[in-house]
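I opened the file to look up how the strands are ordered, what packs on them, and where the pocket sits. The entries below follow that order.

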Amino acid sequence: RFPKMKHLGDISKVNGADIEPVDIITFGSPCQDLSVAGKRAGLKHEANGDEETTRSGLFMEQIRIVKEMRKKEVENGRTAELVRPRWMVWENVPGAFSSNGGKDFQAVLTEIVRIVEPECADVPMPKDGKWSKAGCLYDELGRWSVAWRVHDAQFWGVPQRRKRIALVADFGGMCAPEVLFER
């Protein structure tokens, strides 16, 4: 039996430290600003009261909440793969690969990695400036992994062609690519 979903209200007012520990967090930030069918405003987010915000800026609020949840777990004495949430799943449109010249997807990857490696440098852009439809990042010591891949809804029982990026992060090990790439 599954627990009931809890509505926590306005994401900008949610404190991740107040959320009970869970194994996995799933979210999809609004896609209108990343989609090739949209205005391509990108992942801008509110800073210093700047009025120029976008719906996709909610991505940073989601990252903040995951960081707050994990920080509370560490403060309560959990370590390594025991810190919750261990897993994160993000979904969005393939336009995220090319939005802002590919820098928006670079920012997504960088911010996800910074959940477990706060001081890491930006994830490097591909040499040709184009993100592949599938890929993986991982810590050389095996402490975390992030994998992404494009899926098409027509192969998942939906009567339409609708491509989406599925990204899985394992903040406690090397299982993210296994989740996305192995049957």
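Entry 1, the sheet. I looked up the strand order first: five strands form an open sheet in the order 1-2-5-4-3, with mixed pairing. Strand 1 and strand 3 are at the edges with a single partner strand each, so each has one side without a neighbour in the sheet. Direction ignored, neighbouring strands are turned by 15 degrees against each other on average. Strands here are DSSP runs of E with at least two residues, helices are runs of H or I with at least four, and both are numbered from the N terminus. Two strands pair if DSSP finds at least two bridges between them.

Entry 2, provenance. The model is predicted: local features need pLDDT of at least 70, side-chain atom pairs count only at pLDDT 80 or more, and totals for chains, interfaces and linings use all residues. Residues are numbered from 1 along each chain as its sequence is written, and side-chain values use heavy atoms, with hydrogens and water left out.

Entry 3, helices on the sheet. Helix 1 packs on the sheet and touches strand 1 and strand 2. I noted its direction at about 175 degrees to that of strand 1. Contact means heavy atoms within 4.5 Å; axes are lines fitted to C-alpha atoms, for helices over the stretch in contact, and angles run from 0 to 180 degrees between N-to-C directions. Helix 2 (residues 103–113) lies across strand 2, strand 3, strand 4 and strand 5, at about 25 degrees to strand 5.

Entry 4, strand 5. I then went through the pairings of strand 5 (residues 163–170), where six of eight residues are buried, meaning under 20% relative accessible area with a 1.4 Å probe and protein chains only. Strand 2 (residues 87–92) runs antiparallel to strand 5 and is joined to it by six bridges. M88 has A169 as its bridge partner, and W90 stands opposite L167. Strand 4 is also antiparallel to strand 5, with eight bridges. A169 is the partner of V146, and A166 that of R149.

Entry 5, strands 3 and 4. Strand 4 (residues 145–152) and strand 3 (residues 134–138) run antiparallel, joined by five bridges. R149 is the bridge partner of A134, and W148 that of G135. Six residues lie between the two strands of this hairpin, where G142 has a positive phi near 80 degrees. Six of the eight residues of strand 4 are buried.

Entry 6, the largest pocket. I read its space as about 870 Å³. Its lining has 21 residues, with M5, K6, L8, I19 and I25 nearest the centre. Strand 1 (24–27) and helix 1 (58–75) are the elements that give two or more residues to the lining. By class, I noted 14 nonpolar, four polar and three charged residues. A pocket is an open set of points on a 1 Å grid over the protein atoms alone where a 1.4 Å probe fits, with protein on both sides within 12 Å along at least five of seven lines; lining residues have an atom within 4 Å of a point. The volume is the space filled by probe spheres set on the points, which are joined across faces, edges and corners. Ala, Val, Leu, Ile, Met, Phe, Trp, Tyr, Cys and Pro count as nonpolar, Asp, Glu, Lys and Arg as charged, and the others, Gly among them, as polar.

Note on methods: Buried means under 20% relative accessible area, exposed over 50%, partly exposed in between (1.4 Å probe, protein chains only).
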